[in-house]
Amino acid sequence: MPGDPAAAPAPLPPPPPPSAAAGPAWRLLGTSREQLCLEFTLPTGQSFRWRRTGGGEFTGVVGRRVFQLRQDGGGGGDVAWRVIGRARGEDEARDEEALAEYLNLGVDLAALYAEWAAADARFAKVAPLIPGARMMRQDPVECLFQFICSQNNHISRIHGMVERLCSTYGTPLPLIDAGGGDVAEAAARAEQQQQQQQPAWEVGRKRSLSEVEAAACATAGGPGGGGPLAPEPEGDGGSGSGGDEAPGTPRGAAAAPPPSGDAPPPRRGRKGARAGGAAAERDAPSSSSGSSGGAGGETTAPEPFAAGAAAAAAAAAAAAGAAHFAFPTLDQLSAATEEELRALGFGYRSKFITGAAAALRARPGGGDAWLRALRGATAAEAAAALEELPGVGPKVAACVALFSLDKHDAIPVDTHVWQLATKYYARHLAGKSLTKKLHPEVAAAFVARFGERAGWAHSVLFISNLRQSQALMAGAGD
DNA sequence: CAGGTC
DNA sequence: ACTGG
């Protein structure tokens, strides 16, 4: 047990870098590491929209705002934040409110840890190594489509898919002109590091997540607290970062060379003809595109050019320099055709995306409201409703329920959670194989042990397992 | 062969 | 059965 509180490591730099760097000023969230650890929250599989953009710094989009977050290495590990991009119409005064909601800051995580530790000795043992693993509260639509993309997929690829979905169909988010005028620099930096991050959620990973963890959330007298707030704001200048100007993007659903392999095909940008950020600002108003009830293998082929237009607009904006995009709305998403998505590398998930978008839009009152209303439903109701959508099974449904619909007791059961369950929390299931019927049983086992926020607790255990396996692999030599 | 949904 | 490793 590395628990030596008094052993204050070293004098670490003060919380937020005043205004040394370019861009908006940083502000403090006022949280502790035990309440919020970015390293255990942002890149652990809940969302695929955050990327590392510097030492211990994360950049991601929340709603229609582009946030940057970094954890204070000193004191209690407060989180510094700022907004570097924002859609027109979004009130700056509400930035913090939006972030607080997204991070579920109203929930006292430390108190929950204490409860879970009291209820489970195993949790008590591993939890100190995984402080601040907080459940986020994402937008339901964004969460749903992210996890439809996640099936049968690796994290790195999911990241790419989600990014392509956003840059192709989503609204570009203009960077804030922070008076300084170094906005372009910030954009370039954020953009250049897009392939650097290494999420965790995946077990078989052989990369080292350890070093990164050590840097940010290593707590409990761990590795000297690392150097989170590296005093080197952004000295990294122009490392070319390779060609970002990929030629082909999805044209108007035309015949695009299917990127057979896994090579993440086109990124975005294509020819930077016009500096149009305005063009893509609209929401495809194609009202009801007639498609409905096609929940299955329906191939919608509404207006070919509508999709092309949306894609082209976003592509133009991207080429013009936009580096961040809001997740596409259902209207924007419905402009996508299966062929187009396949060309973008979504594979067989393409029909799930178009199918789910169509099915949602067919819901009375709109898919967005329909999904949001599930926040008021029971976990079982929400799961059942979600599983009506194409491409959504028990696992994806649980992810959406837990990560965006306030179903804090939902348990996404994948093979790793299954192992965890049969080994510790539902021994009677050992030996069996995971079938759809057993999902509820597994979930019930976790709830029985951890209570109404079992989903949150399960996340801590999951991350712990990742770390554990990685540590073993690192130590085993091979 | 591994993961999820059909 | 499907798909990417």
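Visitor: In α17, which residues are buried?
Guide: This is a predicted model. Helix α17 covers residues 439-450. Buried means under 20% relative accessible area. In α17 that group is His439, Val442, Ala443, Ala445, Phe446 and Phe450.

Visitor: Within what arc do the buried residues of α17 fall, seen down its axis?
Guide: An α-helix has 3.6 residues a turn, so residues three or four places apart point the same way. The buried residues of α17 line one face of the helix. Pro440 and Ala448, on the other side, are exposed. Seen down the axis, the buried residues fall within an arc of 155°.

Visitor: How far does α17 reach from its first C-alpha to its last?
Guide: Helix α17 has 12 residues. At 1.5 Å a residue, the expected span is 16 Å. The model comes close to that, with a reach of 17 Å.

Visitor: Which residue just after α17 takes a positive phi?
Guide: Helix α17 ends at residue 450. Just after α17, phi turns positive, at about 90°. The residue is Gly451.

Visitor: Is Arg349 buried or exposed?
Guide: Arg349 lies in helix α12, residues 349-361. Leaving aside neighbours within four places in sequence, Arg349 is in contact with Ile148, Cys149, Gln151, Asn152, Asn153 and Met161. Its relative accessible area is 6%, and the cut-off is under 20%. Arg349 is therefore buried.

Visitor: How many residues of strand β5 are buried?
Guide: Strand β5 spans residues 79-86. The strand is largely enclosed by the rest of the structure. The count of buried residues is 8 of the 8.

Visitor: How many bridges join β4 to β5?
Guide: Strand β1 also pairs with β5, in the antiparallel sense, over 2 bridges. There, Leu28 stands opposite Ala80. Strands β4 and β5 run antiparallel too, and Val66 has Gly85 in β5 as its bridge partner. The number of bridges joining β4 to β5 is 7.

Visitor: What area is buried between domain 2 and domain 3?
Guide: Chain A is divided into domain 1, domain 2 and domain 3. The centres of domain 2 and domain 3 are 26 Å apart, taken over C-alpha atoms. Their contact takes 12 residues from domain 2 and 8 residues from domain 3. Carbon and sulfur atoms give 74% of the buried area, which is about 700 Å².

Visitor: Which residues in domain 2 lose the most area to domain 3?
Guide: Domain 2 is made of 108-126 and 408-471. Three names stand out on that side, together giving 53% of what it buries. They are Ala410, Pro412 and Lys436.

How values were computed:
Residues are numbered from 1 along each chain as its sequence is written. Chains are lettered from A and ligands numbered from 1 in the order in which they are written. This is a predicted model: local features need pLDDT of at least 70, side-chain atom pairs count only at pLDDT 80 or more; totals for chains, interfaces and linings use all residues. Side-chain values use heavy atoms; hydrogens and water are left out. Helices (H or I, at least four residues) and strands (E, at least two) are DSSP runs, numbered from the N terminus. The expected span of a helix is 1.5 Å times one less than its number of residues. Buried means under 20% relative accessible area, exposed over 50%, partly exposed in between (1.4 Å probe, protein chains only). The arc is that of the directions from the helix axis to the C-beta atoms. Contact means heavy atoms within 4.5 Å. Two strands pair if DSSP finds at least two bridges between them. Domain bounds come from an automatic or database domain assignment. Buried area is the accessible area (1.4 Å probe) that two parts lose on being put together, summed over both.
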